[in-house]
Amino acid sequence: MVKRFFVHPVTIRYGVFMLGLAVMGYGIGMMIEADLGVAPWDTLHIGLQKTFGLTIGMWSQIVGLLIIVSSYLIGRIKPNAGMFLNMFFFGLFIDLFMWLKWIPIGQTVLERAVLFGAGLLIYTCGTGMYISPRIGAGPRDSFMLALHEKTGWDISKVRIGIECTVALSGFLLGGPVSVGTVVTAVAIGPLIKQFIPMWERMLAKPFGKTVQQPVAK
């Protein structure tokens, strides 16, 4: 009975979903520790932290809740369990990994660049991982999907536009902006575009999930 529960398709899908959130949180932590400029959303979260206090993860949760409301107003994307799980656990994983100090620290510029690049790949891989079970996109990705549906623009262009706008807002609040922020804003959409179909194919046959049309064109 226990074995049947753990190999049940629904259990596997939720497991992949939660693991994807953890992978994303770890990737974000690596990018923060690299100190070469963080992802645009984290520029905003850090800017909010510097201005109002609290932790990066807490601001991730607060901003996530606001975005859930915005996604509904713009694209009528109704909140679901997966969306709220993402909002809560993604921020929690960021704070947890930073608190546990499980993230390596680069000393030289080369080491920090490698750390940043690895963090970016891990983060985008985790994004594709949690989206692929179709349990529910997180607040930020739901907002991306809402704009994609509303405008009909390619999802990579929508993501780049969002990331650049958020980075500017974070910078005005005192968040760090550097070369890594620019690289992330430009590369994150195309990378996610590749990882989503990859994870969908991996989940399709073994766990009873039908491959759907990729989110990205």
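Is Phe-89 buried, partly exposed or exposed? Phe-89 is partly exposed, with a relative accessible area of 24%. The model behind this value is predicted, and the rest of this report sets Phe-89 among the other parts of the chain.

**The chain as a whole**

The chain has nine helices and zero strands. In sequence order its pattern reads α-α-α-α-α-α-α-α-α. Of its 217 residues, 48% count as buried. About 10800 Å² of the chain is exposed, and carbon and sulfur atoms supply 71% of that area. Among contacts between residues at least 6 apart in sequence, 75% join residues at least 24 apart.

**A buried residue in helix α5**

Asn-86 is placed in helix α5, which covers residues 81–100. Its relative accessible area is 3%, and Asn-86 is buried because this value is under the 20% cut-off. When neighbours within four places in sequence are left aside, Asn-86 is in contact with Phe-17, Leu-21, Tyr-130, Gly-138 and Pro-139. Gly-138 is 52 residues away from Asn-86 along the chain, yet the C-alpha atoms of the two are separated by 5.1 Å.

**The nonpolar cores**

In soluble globular proteins, nonpolar side chains tend to be buried together. The largest nonpolar core in this model has 29 residues, and those that touch the most other members are Leu-21, Met-24, Ile-28, Met-31, Phe-90, Tyr-123 and Tyr-130. The elements that give two or more residues to this core are α2 (9–34), α5, α6 (109–131) and α9 (179–204). Helix α2 provides the largest share, nine residues. Another core, of 12 residues, lies apart from this one, and its members include Leu-44, Trp-59, Met-144 and Ile-155.

Which residues does Phe-90 touch, not counting those up to four places away in sequence? They are Leu-21, Met-24, Gly-25, Ile-28, Ser-60, Leu-85 and Tyr-123. Leu-21 is also one of the contacts of Asn-86.

**Aromatic rings**

The structure holds seven aromatic pairs. Two of them are listed here.

| Pair | Centre to centre | Angle between planes | Kind |
|---|---|---|---|
| Phe-52 and Trp-59 | 5.9 Å | 50° | tilted |
| Phe-88 and Phe-89 | 5.0 Å | 85° | edge-to-face |

Why is the pair of Phe-88 and Phe-89 edge-to-face? Its planes are at 85°, and planes over 60 degrees apart count as edge-to-face, so the pair falls in that class.

The partners in the tilted pair differ in how they are covered: Phe-52 is exposed, with a relative accessible area of 55%, whereas Trp-59 counts as buried at 13%. In the edge-to-face pair, Phe-88 is partly exposed, with a relative accessible area of 40%, and Phe-89 is partly exposed at 24%. Phe-88 and Phe-89 also belong to one aromatic cluster together with Tyr-26, Phe-93, Phe-97 and Trp-102.

**A nonpolar patch on the surface**

Some nonpolar side chains lie at the surface: Leu-54, Met-58, Ile-62 and Leu-66 make a nonpolar surface patch of about 360 Å². Met-58 lies in helix α4, residues 56–75. At 38% relative accessibility, Met-58 counts as partly exposed, because its value lies between the 20% and 50% cut-offs.

Key. Residues are numbered from 1 along each chain as its sequence is written. This is a predicted model: local features need pLDDT of at least 70, side-chain atom pairs count only at pLDDT 80 or more; totals for chains, interfaces and linings use all residues. Side-chain values use heavy atoms; hydrogens and water are left out. Helices (H or I, at least four residues) and strands (E, at least two) are DSSP runs, numbered from the N terminus. Buried means under 20% relative accessible area, exposed over 50%, partly exposed in between (1.4 Å probe, protein chains only). Contact means heavy atoms within 4.5 Å. A nonpolar core is a set of buried Ala, Val, Leu, Ile, Met, Phe, Trp, Tyr and Cys residues joined through side-chain atoms within 4.5 Å. Rings of Phe, Tyr and Trp (its six-membered ring) pair if their centres lie within 6.5 Å; planes under 30 degrees apart count as stacked, over 60 as edge-to-face and the rest as tilted. Patches are made of residues with over 30% relative accessible area and no salt bridge: like charges are joined within 9 Å, nonpolar side chains (Val, Leu, Ile, Met, Phe, Trp, Tyr) within 5 Å. Accessible areas come from the Shrake-Rupley method with a 1.4 Å probe; for residues, only the protein chains shown count as cover. A salt bridge is a side-chain nitrogen of Lys or Arg within 4 Å of a carboxyl oxygen of Asp or Glu.
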